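Open the model in your viewer and keep the sequence panel beside it. The tour goes from one selection to the next and says what is there each time.

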Amino acid sequence: MTTQDLSYLDCNCFAIRQAARFVSQLYERHVSQAGVTAAQFTLLAAIHRRPGVTMAELADAMVMERTTLVRALKPLQRDRLVTAAQQDASTRAVALSLSDAGRKTLGEASLRWREAQQEFEDKFGRERAGELRKSLLQLTSME
């Protein structure tokens, strides 16, 4: 294979990563007004949907390595937005929940997220955005 055979225009990974950076920047611009990053917003929302979710369950749901999740949660715990408590003495599993401050931050960030969602759909098209979302979510369920 020569370098002429390699074109970024034919690379799925390149296209997906470039699009992810573009979309992340759009959402960051909005949710940062609530004092969180887009990645932190998704974690807050996931924990809110499943209070008491374990680290392992959340890592699986987010398609993240557990060590990456632990690093991502540290600022949320430091800022007292997320609480972590051992489920019981017989296990090392840690249950995650939002604090009152976490719920308040999530509420504000959700308003900003809706603005980002609307901006994306205005630029890309509501129906196309729905189709894209469906296709991308199917990727993470492929096994």
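## Stop 1: helix α4

Select α4 and colour its buried residues: L69, L73 and L76. This is a predicted model, and every stop below describes that prediction.

Now show what surrounds these side chains. The buried residues of α4 pack against two helices, α2 (38–49) and α3 (55–62), and two strands, β2 (82–86) and β3 (94–98).

How far apart are the end C-alpha atoms of α4? Put a distance label on them: it should come to 18 Å. Helix α4 has 13 residues, 66–78, and at 1.5 Å a residue it should span 18 Å, so the two values agree. The expected span counts one less than the number of residues.

Next, look along the helix for a bend. α4 bends by about 25° at A72. A proline, P75, follows within four residues of that point.

## Stop 2: the whole chain

Zoom out and switch to a cartoon view. The chain has six helices and three strands. Starting at the N terminus, the elements come in the order α-α-β-α-α-β-β-α-α.

The C-alpha atoms fill a box of roughly 60 × 35 × 25 Å along the principal axes. Of the 143 residues in the chain, 27% are buried. Take the contacts between residues at least 6 apart in sequence: 51% of them join residues at least 24 apart.

## Stop 3: α3 against α4

Select α3 together with α4. Their axes are 9 Å apart, and the helices pack at an angle of about 105°. Angles of 65 to 115 degrees count as roughly perpendicular, so α3 is roughly perpendicular to α4. To see the contact, show M55, A56, L58 and A59 on α3, and R66, L69, V70 and L73 on α4. By type, the residues of this contact are seven nonpolar, no polar and one charged. L69 and L73 are also among the buried residues of α4.

## Stop 4: two loop residues with positive phi

Most residues other than glycine have a negative phi. The next two selections have a positive one.

Select V63, in the loop between α3 and α4. Its phi is positive, about 55°, although V63 is not a glycine. Is V63 buried or exposed? V63 counts as exposed because its relative accessibility is 58%, and the cut-off for exposed is over 50%.

Then move past the end of α4 to R80, in the loop between α4 and β2. R80 is not a glycine either, and has a positive phi of about 60°. With a relative accessibility of 64%, R80 also counts as exposed.

## Stop 5: α1 against α2

Select helix α1, residues 12–31, and add α2. The two pack at an angle of about 75°, and their axes are 8 Å apart. The angle therefore makes α1 and α2 roughly perpendicular to each other. Show Y27, E28 and V31 in α1, which meet A38, A39 and F41 in α2. The residues of this contact are five nonpolar, no polar and one charged.

## Stop 6: H30

Stay on α1 and select H30. Its relative accessible area is 10%. Buried means under 20%, so H30 is buried. Which residues is H30 in contact with, leaving aside neighbours within four places in sequence? Show R112, E115, A116 and E119.

## Stop 7: T105

Select helix α5, residues 100–124, and find T105 in it. T105 is buried too, with a relative accessible area of 16%. Residues up to four places away in sequence are not counted here; beyond them, T105 touches A34, V36, L44 and L81.

## Stop 8: R133

Finish in helix α6, residues 126–139, with R133 selected. R133 has a relative accessible area of 39%, so it is partly exposed. Without counting residues up to four places away in sequence, R133 touches Q117 and E121.

Conventions
Residues are numbered from 1 along each chain as its sequence is written. This is a predicted model: local features need pLDDT of at least 70, side-chain atom pairs count only at pLDDT 80 or more; totals for chains, interfaces and linings use all residues. Side-chain values use heavy atoms; hydrogens and water are left out. The bend at a residue is the angle between axes fitted to the seven residues ending there and the seven starting there. Buried means under 20% relative accessible area, exposed over 50%, partly exposed in between (1.4 Å probe, protein chains only). Contact means heavy atoms within 4.5 Å. Axes are lines fitted to C-alpha atoms, for helices over the stretch in contact, and angles run from 0 to 180 degrees between N-to-C directions. Angles under 35 degrees count as roughly parallel, over 145 as roughly antiparallel, 65 to 115 as roughly perpendicular and the rest as oblique. Ala, Val, Leu, Ile, Met, Phe, Trp, Tyr, Cys and Pro count as nonpolar, Asp, Glu, Lys and Arg as charged, and the others, Gly among them, as polar.
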